[in-house]
Amino acid sequence: MWLFPCGPFAPCVILSKRQCAAGRFSTKRRPTAELRYADELAALVRWDRNNPKPENWQLSPRAVRLFILGTPKGQSLELDGEPVTIRKKYYGNDTLVERCIITLAGNRGLMLVGEPGTAKTMLSELLSAAISGCSTNTVQGTAGTTEDMIKYSWNYALLLAKGPSREALVPAPLYVGMERGIITRFEEITRTPAEVQDCLISVLSDKVMNIPELGDQGLLFANPGFNVIGTANTRDKGVNEMSSALKRRFSFETVQPVGDVALEKQIILDEVEAMARSAGFSAPLDDDAATLLATTYHELRQGISAEGMRLKKPAAVMSTAEAVSIYFQTLMSAWYYGGPEQARHLDERALAENLVGAVAKESREELATIREYFSTIVQKKAEREDGAWKRFYEAGIRLK
Ligand SMILES: Nc1ncnc2c1ncn2[C@@H]1O[C@H](COP(=O)(O)OP(=O)(O)OP(=O)(O)O)[C@@H](O)[C@H]1O
Ligand SMILES: [Mg+2]
C-alpha cells in the first residue's frame, strides 16, 4: 500500500501496488505527483509531527514548502538517524510559493496566472499532492465545460428508479473537494464560458453548494481543507474574462518564466531524466545540448542575447516546457535509432530541426525570425566558441 493517503473522508489515491501495476494509475506514463514523490511525502509526514497544520491538511505549511522548494543544497532532514534529501521541484520565486501555501490555508481560492509553460499546472499539482494527498481532483476547463462537469450530475437510471437522492447524484470535482475537504484544481479556467465559471462564486464565498433537487437535504457544506486552485494562461486573456465578482474571491499570483539560463538548463536535465525513466529507459544526458537549448530559449523569449544584442522575438511560445520536449524528442531519436553514445552527444542538426518545428508551428513566417537568430547571434557564439555552438550554427544555417 502507498504510504501517503488522500483526505480523511474517502481516500482517492490509496492504491495497492497491484492496482498500480494493473494500470489504474500507471506508474509508467505520467504518474501523479503524489505517486511520483510518494517516498518524499511519506518522509515529510514523519518529519512533520510537531508542526502546526490547518485542519485536514496532510502536511503543515512548513512541510509543504519544503516539499516544493527542497532541502537547501548540501543539507538534509534527519529521520531516525538517516539523512533524507527532498528534491527541489519548482525553481523561481520562493516567496511566491510561500504565499500560495498561506492563501490555501485561508478563505480565498488561489489563482495562478502566467505565460504558457511557466509551471502553473505543476505548482498546482504539487500543492494539491502535499496538502490533500491528491492532485487528480481536477476540472479541465475548455469551451465545452458545463456546470454539471464542475458541480454534479445525475445517474439517470437511478434518478428514474428512485427519484433525486444522494445515491443518484454523480459528484464532480467541486463536490468531491467540498465533501472530502481536499483541493479542487480548475485548469485553464478562462477557457470556460463566464457564466459557467461563475458557479464558483457562491461556493468560494459561503463554502456551501446548493442542490435544489434534493430539497431539505440539498445543502452541501464544505469540510475544512477544501479550497480551489485555478490556473489561467495570459495568452488566453480575453477569451472568457473572469467576472470581477469571481476575481475578488481569488488571490492572484503571477508565475514568471525562469529568468536564469543555468536554472533553465537544470530544469531541462531534471525533467528529461524523469521523462526518460517514465518511458522506460535511462540514457546519458548531454550537458552541451541542454546549454544550447536553455540559452536559445532564454534569448528568444527575452529578445536580447547574452552579449547584449537586440533580436526579434518569435510570436510562438518559448517556454521551458517546450525546451524540455525538444530535448526529449531529440534524445528519443538518438536513443532508439542510435544508442548511448548518440544520446551522450546529441546531434545539433536534429536539435535545430526540432527547434524550427516548434517555433514555426503557429506560422511559417517565424522561420525568418529563427533564421535571423542563427545568422546573427548563433554565428557570433560559433566564432567565439568552437564545438557545440559551431555545430549548432552550421546545422541551423543549412535548414530550409
Ligand atoms: N520554474 C520552473 N521550475 C520547475 N520546472 C519548470 C519551471 N518552469 C517550467 N518548468 C517545466 O515546465 C513544465 C511545464 O509546466 P506546466 O505544464 O506546469 O506549465 P503551465 O504554466 O501550466 O503551462 P500552460 O499554460 O501551457 O498550461 C513543468 O513540468 C516543468 O518541467
Ligand atoms: Mg497548465
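## Exercises on a two-domain predicted model

Nine residues of domain 1 touch 14 residues of domain 2, in a structure that is a predicted model.

**Exercise 1. Describe the interface between domain 1 and domain 2, from the domain bounds to the salt bridge found across it.**

Solution. Begin with the division of the chain, in which domain 1 spans residues 17-254 and domain 2 spans residues 261-398. Next, place the two parts relative to each other: the C-alpha centres of domain 1 and domain 2 are 33 Å apart. The third step concerns area, for the size of an interface is often expressed as the accessible area that is lost when the parts come together. Here domain 1 and domain 2 bury about 890 Å² between them, and 51% of this lies on carbon and sulfur atoms. Finally, turn to the charged groups, where the rule finds one salt bridge across the interface of domain 1 and domain 2. A salt bridge links the side chains of Arg36 and Glu271, with an N to O distance of 3.8 Å, and this pair satisfies the criterion because a nitrogen of Arg has to lie within 4 Å of a carboxyl oxygen of Glu.

**Exercise 2. In which order do the five strands of the open sheet lie, and which strands form its edges?**

Solution. The order across the open sheet is 4-7-10-3-11, and the pairing is parallel. The edges are strand 4 (138-140) and strand 11 (250-254), each of which pairs on one side only. From one strand to the next, the twist averages 15°. Now follow the pairs one at a time:

- Strand 4 and strand 7 are joined in the parallel sense by three bridges, and Thr138 has Arg185 in strand 7 as its bridge partner.
- Strand 7 and strand 10 are parallel too, with four bridges, and Phe186 stands opposite Gly230 in strand 10.
- Strand 3 (residues 109-114) and strand 10 (residues 227-233) pair in the parallel sense over five bridges, and Val113 has Ala232 of strand 10 as its bridge partner.

As a last step, add the helix that packs on this sheet: helix 6 (residues 120-132) touches strand 3, strand 7 (183-187) and strand 10, and its direction makes about 170° with that of strand 7.

**Exercise 3. Which residues of strand 7 point one way, and which point the other way?**

Solution. The general expectation is that side chains of a regular strand alternate between the two faces of the sheet. In strand 7, Ile183, Arg185 and Glu187 point one way, whereas Thr184 and Phe186 point the other way. As for accessibility, the strand is mostly covered, since five of its five residues are buried.

**Exercise 4. Is Gly133 buried or exposed, and why does Glu353 receive its own class?**

Solution. First locate Gly133, which sits in the loop between helix 6 and strand 4. Its relative accessible area is 0%, so Gly133 is buried, the limit for that class being under 20%. Along the chain Gly133 and Ile182 are 49 residues apart, yet their C-alpha atoms are separated by 8.3 Å.

Then locate Glu353, which belongs to helix 17 (residues 348-359). Because its relative accessibility is 39%, Glu353 counts as partly exposed, a class that lies between the 20% limit for buried and the 50% limit for exposed. Glu353 also has a sequence-distant partner to consider, namely Gly396, which is 43 residues away in sequence and 7.7 Å away in space, C-alpha to C-alpha.

How values were computed
Residues are numbered from 1 along each chain as its sequence is written. Chains are lettered from A and ligands numbered from 1 in the order in which they are written. This is a predicted model: local features need pLDDT of at least 70, side-chain atom pairs count only at pLDDT 80 or more; totals for chains, interfaces and linings use all residues. Side-chain values use heavy atoms; hydrogens and water are left out. Two strands pair if DSSP finds at least two bridges between them. Helices (H or I, at least four residues) and strands (E, at least two) are DSSP runs, numbered from the N terminus. Axes are lines fitted to C-alpha atoms, for helices over the stretch in contact, and angles run from 0 to 180 degrees between N-to-C directions. Contact means heavy atoms within 4.5 Å. Buried means under 20% relative accessible area, exposed over 50%, partly exposed in between (1.4 Å probe, protein chains only). Domain bounds come from an automatic or database domain assignment. Buried area is the accessible area (1.4 Å probe) that two parts lose on being put together, summed over both.
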